[in-house]
Amino acid sequence: MSKETLFALSLFPYLGFLWFLTRSGQTPRLALIGFYMTLVFVAVTIPAGIYAQIAYGETLANVDWLHGGAEFFLTLSNILVVLGFQQAIRQRQNENETP
């Protein structure tokens, strides 16, 4: 199985993960947005990889400005997930401290 096929197939379990996470209603909103931003990362990475191959004859990893631009969306996604859970933890701590 090629890495491209595996990458495409991995989208389905992730979509299931998002569906359950959204449906549970227990995930902090900002963290949930961060998890959905991972789909934006994928949506940006695929055309960037195709462009790198066509324009430069290289893989995306070898075209720094394209790779960095795509990775920005993954970084943003991770930051949103962390901030969302951090906010939820602080909120829970404040609720437990009030009499």
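Visitor: Leaving aside its neighbours within four places in sequence, which residues is Thr-38 in contact with?
Guide: The structure shown is a predicted model. In this model, Thr-38 has its place in helix H3, which covers residues 29-56. Once neighbours within four places in sequence are set aside, the contacts of Thr-38 are Tyr-14 and Ser-77.

Visitor: Is Thr-38 buried or exposed?
Guide: The cut-off for a buried residue is a relative accessible area under 20%. Thr-38 has a relative accessible area of 18%, so Thr-38 is buried.

Visitor: What is the length of the polar contact that joins the side chains of Thr-38 and Tyr-14?
Guide: Tyr-14 is one of the residues in contact with Thr-38 when neighbours within four places are left aside. The side chains of this pair, Thr-38 and Tyr-14, are joined by a polar contact of 3.4 Å.

Visitor: Which residues make up the largest nonpolar core?
Guide: The largest nonpolar core has 6 residues in all, among them Ala-48 and Leu-60. Helix H3 and helix H4 (64-97) each supply at least two residues of this core. The full membership is Ala-48, Ala-52, Leu-60, Val-63, Leu-66 and Ala-70.

Visitor: How many residues are in the second, separate core?
Guide: Apart from the largest nonpolar core, there is a second, separate core. Its members include Leu-18, Leu-21, Leu-32 and Phe-35, and the count for this second core is 5 residues.

Visitor: Is Ala-48 buried or exposed?
Guide: Ala-48 lies in helix H3. Burial requires a relative accessible area under 20%. Ala-48 has a relative accessibility of 10%, and therefore counts as buried.

Visitor: Which residues does Ala-48 touch, not counting residues up to four places away in sequence?
Guide: Ala-48 belongs to the largest nonpolar core. With residues up to four places away in sequence not counted, Ala-48 touches Leu-60 and Leu-66.

Visitor: How far apart in space are Ala-48 and His-67, C-alpha to C-alpha?
Guide: Along the sequence, Ala-48 and His-67 are 19 residues apart. In space, their C-alpha to C-alpha separation is 7.7 Å.

Visitor: Where is Thr-27 found, and is it buried or exposed?
Guide: Thr-27 is found in the loop between H2 and H3. A residue is buried when its relative accessible area is under 20%. Thr-27 has 15% relative accessibility, so this loop residue counts as buried.

Visitor: Which backbone oxygen lies 3.5 Å from a polar atom of the side chain of Thr-27?
Guide: Leaving aside neighbours within four places in sequence, Thr-27 is in contact with Leu-21, Leu-32 and Phe-85. Leu-21 and Leu-32 are also among the members of the second core. The backbone oxygen that lies 3.5 Å from a polar atom of the Thr-27 side chain is that of Leu-21.

Visitor: Which residue is joined to Glu-58 by a polar contact of 3.1 Å between side chains?
Guide: Glu-58 lies in the loop between H3 and H4. With a relative accessible area of 34%, Glu-58 is partly exposed. Its contacts beyond four places in sequence are Ala-52, Gln-53 and Val-63. The side-chain partner in the 3.1 Å polar contact is Asn-62.

Visitor: What distance separates the C-alpha atoms of Glu-58 and Phe-85?
Guide: Glu-58 and Phe-85 are 27 residues apart along the chain. Their C-alpha atoms are separated by 38 Å.

Visitor: Which helix gives the largest share of the nonpolar patch on the surface?
Guide: The patch is formed by Met-1, Leu-6, Leu-9, Leu-11, Phe-12 and Leu-15, with about 640 Å² of accessible area together. Helix H1 (3-9) and helix H2 (11-24) each supply at least two of its residues. The largest share, 3 residues, comes from H2.

Visitor: What is the relative accessible area of Leu-9?
Guide: Leu-9 is a member of the nonpolar patch and has its place in helix H1. Leu-9 is partly exposed, and its relative accessible area is 42%.

Visitor: What distance separates the C-alpha atoms of Thr-75 and Leu-18?
Guide: Thr-75 is found in helix H4, and is partly exposed with a relative accessible area of 43%. Thr-75 and Leu-18 are 57 residues apart along the chain, and their C-alpha atoms are separated by 18 Å.

Methods: Residues are numbered from 1 along each chain as its sequence is written. This is a predicted model: local features need pLDDT of at least 70, side-chain atom pairs count only at pLDDT 80 or more; totals for chains, interfaces and linings use all residues. Side-chain values use heavy atoms; hydrogens and water are left out. Helices (H or I, at least four residues) and strands (E, at least two) are DSSP runs, numbered from the N terminus. Buried means under 20% relative accessible area, exposed over 50%, partly exposed in between (1.4 Å probe, protein chains only). A polar contact is a pair of N or O atoms within 3.5 Å; within protein, one must be able to donate a hydrogen and the other to accept it, and residues adjacent in sequence count only if both atoms are side-chain atoms. Contact means heavy atoms within 4.5 Å. Patches are made of residues with over 30% relative accessible area and no salt bridge: like charges are joined within 9 Å, nonpolar side chains (Val, Leu, Ile, Met, Phe, Trp, Tyr) within 5 Å. Accessible areas come from the Shrake-Rupley method with a 1.4 Å probe; for residues, only the protein chains shown count as cover. A salt bridge is a side-chain nitrogen of Lys or Arg within 4 Å of a carboxyl oxygen of Asp or Glu. A nonpolar core is a set of buried Ala, Val, Leu, Ile, Met, Phe, Trp, Tyr and Cys residues joined through side-chain atoms within 4.5 Å.
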